[in-house]
Amino acid sequence: MKSTVEHLSPTRVRFNVEVPFDELKPDFDRAYKKIAQQVRIPGFRPGKAPARILEARLGRGVVLDEVVNGAIPGKYSEAVTASEKVTPIGRPDIEVTEIADGDKLAFTAEVDVRPEIALPDLDGIAVQVDDVAVTDEQVTEQLDSLRARFGTLKGVERPAAEGDFVQIDLSASVDGKEIEEAATTGFSYQVGQGGLIDGIDEAITGLSEGESKTFTSTLVAGDYADKDAEVTVTVTAVKERDLPEADDEFAQLASEFDTLDELTADLKERLGRVRRMEQVSQARDKVLDAIVEATEVPLPETVVAAEVESSLHDAVHAFDHDDDKFAEFLTSQGKTREEFDAEVRADAEKSVKVRLILDALADAEEVSVNDQELTERIVYQAQQYGMSPDEFVQRIQQSGQLGAIYSDVRRSKALIVAVRAATVTDEAGTAVDLSDLLGPADEAAEAVEGDVVEGDVVEDADADADADVADAAPEASDEATDDTAKGASTSA
């Protein structure tokens with residue numbers, strides 16, 4: 001087989017491939033076997049008709065079509081493998097240019113490729129991150145949150161205020177007609193939490209037990225979605241959270257510590273770890289931004305177009321592919337379709353650029369991914385989707401996404417290599433050493449639970465660190481939280 005490569009642009013090439021018929025013998029054998037299984041010829045069992053009979057009955061052209069269709073994918077792959085400096089991305093546009101029976105098969109394949117990228121010197125990148133200082137106010141805030149977990153609710157005889165827990169009855173009507181599905185009684189709600197009905201917090205604030213108020217709000221679901229409704233709210237109970245005293249007794253109840261000083265010291269240490277994880281996230285984002293800003297990348301148009309198409313499909317899919325509903329939504333956001341499309345295009349270009357840069361960085365740093373790292377990422381993502389690892393693996397294999405996960409891990413490792421090489425300082429200009437959080441260079445993928453997914457760095461470290469602070473104490477006892485849990489359920 002002979003193949004040559006034409007560079008049509010920095011991001012697109014054309015493979016010109018010629019395959020002698022001698023090399024197509026295995027493809028002819030497969031074609032005859034496949035055709036013989038599909039047709040019934042009198043006097044022969046299925047799959048047993050010889051080649052000359054098949055050609056006599058069906059014609060040589062049918063056989064050649066089957067051979068060509070079966071041979072081209074493999075021959076295209078051979079041409080790509082033979083061209084070491086070309087890395088295709090996306091699907092090729094293939095055109096058969098010649099079928100000389102008994103002589104050769106010729107075809108072309110145009111495909112987008114990863115462009116050559118000149119990366120900046122990583123040692124020259126400098127970024128600044130926030131300080132890790134933890135203030136007394138932040139520690140007090142964490143302590144108060146912990147006290148709230150052990151608090152109880154007690155009834156009060158006063159108007160409801162923000163932060164109070166109330167029980168309410170709700171009813172709604174549109175054009176004088178009662179909406180049954182919008183009515184409820186004995187509903188628990190914390191004033192100020194939002195997310196229930198627009199205007200509810202303003203209506204409840206100032207109401208005492210037994211008092212009602214009617215206000216206008218737009219319904220967001222059901223048969224009357226987007227309709228203005230008259231909503232009546234009646235407060236049937238007002239409660240406030242009674243927090244336990246912050247003392248040694250509370251420290252013993254809420255944690256493994258004997259004194260309040262020990263508990264607050266532990267909270268401060270945990271907050272410090274949160275701040276350090278935030279530094280890692282900031283450094284990662286800022287180093288990536290610096291590399292992207294300093295790097296020129298010609299973008300493969302078909303890849304960008306595919307990204308745009310996918311994003312637009314997802315956006316309209318949320319509105320059941322109803323363009324009119326989507327247009328109404330954009331109008332409500334004060335945005336035109338042209339502006340939305342332009343934003344999608346810009347995001348797609350940035351996403352593709354980031355992926356190409358991180359792939360080039362991974363190549364330059366010779367980053368590899370071992371089985372353990374890939375398995376850990378699969379387990380981690382399976383947990384995010386609430387699936388078992390086996391089920392998740394089955395899904396990604398069926399959808400052909402295993403390679404994408406491999407690439408994500410490799411890009412994550414490449415980015416951490418860049419962070420290790422860059423100069424990171426705090427607001428005072430002091431060098432920040434993040435090596436203990438980034439881990440050894442050969443374990444970079446598992447050092448930070450932030451994924452590079454389709455070019456965007458996803459922040460998971462912050463959530464994990466916040467959970468670390470919240471875990472400073474075990475759950476409160478049932479006796480201490482019965483009433484609290486009832487009120488807290490309204491914020492779920």
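Here is a short walk through this protein, ending at a spot where two of its helices meet.

Keep in mind that the model is predicted. The protein has 492 residues, and 38% of them count as buried. Its secondary structure comes to 17 helices and 14 strands. Now take the contacts between residues with a separation of 6 or more: 69% of these join residues that sit 24 or more positions apart.

Let's zoom in on one helix, H4, which covers residues 136-149. With 14 residues, H4 reaches 20 Å from its first C-alpha to its last, close to the 20 Å you'd expect at 1.5 Å a residue. Which residues of H4 are buried? They are Val139, Leu143, Leu146, Arg147 and Ala148.

Next, look at how H4 meets another helix. Two packed helices are described by the angle between their axes and the distance between those axes. The partner here is H7, residues 260-294, and the two axes come within 9 Å and cross at roughly 110 degrees. Angles of 65 to 115 degrees count as roughly perpendicular, so that is the label for H4 against H7. The crossing of the two is right-handed.

So who does the touching? On the H4 side, the contact is made by Gln138, Val139, Gln142, Leu143 and Leu146. H7 brings Leu260, Leu263, Thr264, Leu267, Lys268, Leu271 and Arg275. Sort the residues of this contact by character and you get seven nonpolar, three polar and two charged. Val139, Leu143 and Leu146 turn up twice in this story: they are buried, and they also take part in the contact with H7.

Key
Residues are numbered from 1 along each chain as its sequence is written. This is a predicted model: local features need pLDDT of at least 70, side-chain atom pairs count only at pLDDT 80 or more; totals for chains, interfaces and linings use all residues. Side-chain values use heavy atoms; hydrogens and water are left out. Helices (H or I, at least four residues) and strands (E, at least two) are DSSP runs, numbered from the N terminus. The expected span of a helix is 1.5 Å times one less than its number of residues. Buried means under 20% relative accessible area, exposed over 50%, partly exposed in between (1.4 Å probe, protein chains only). Axes are lines fitted to C-alpha atoms, for helices over the stretch in contact, and angles run from 0 to 180 degrees between N-to-C directions. Angles under 35 degrees count as roughly parallel, over 145 as roughly antiparallel, 65 to 115 as roughly perpendicular and the rest as oblique. A crossing is left-handed if the near helix is turned anticlockwise from the far one by less than a right angle, and right-handed if clockwise. Contact means heavy atoms within 4.5 Å. Ala, Val, Leu, Ile, Met, Phe, Trp, Tyr, Cys and Pro count as nonpolar, Asp, Glu, Lys and Arg as charged, and the others, Gly among them, as polar.
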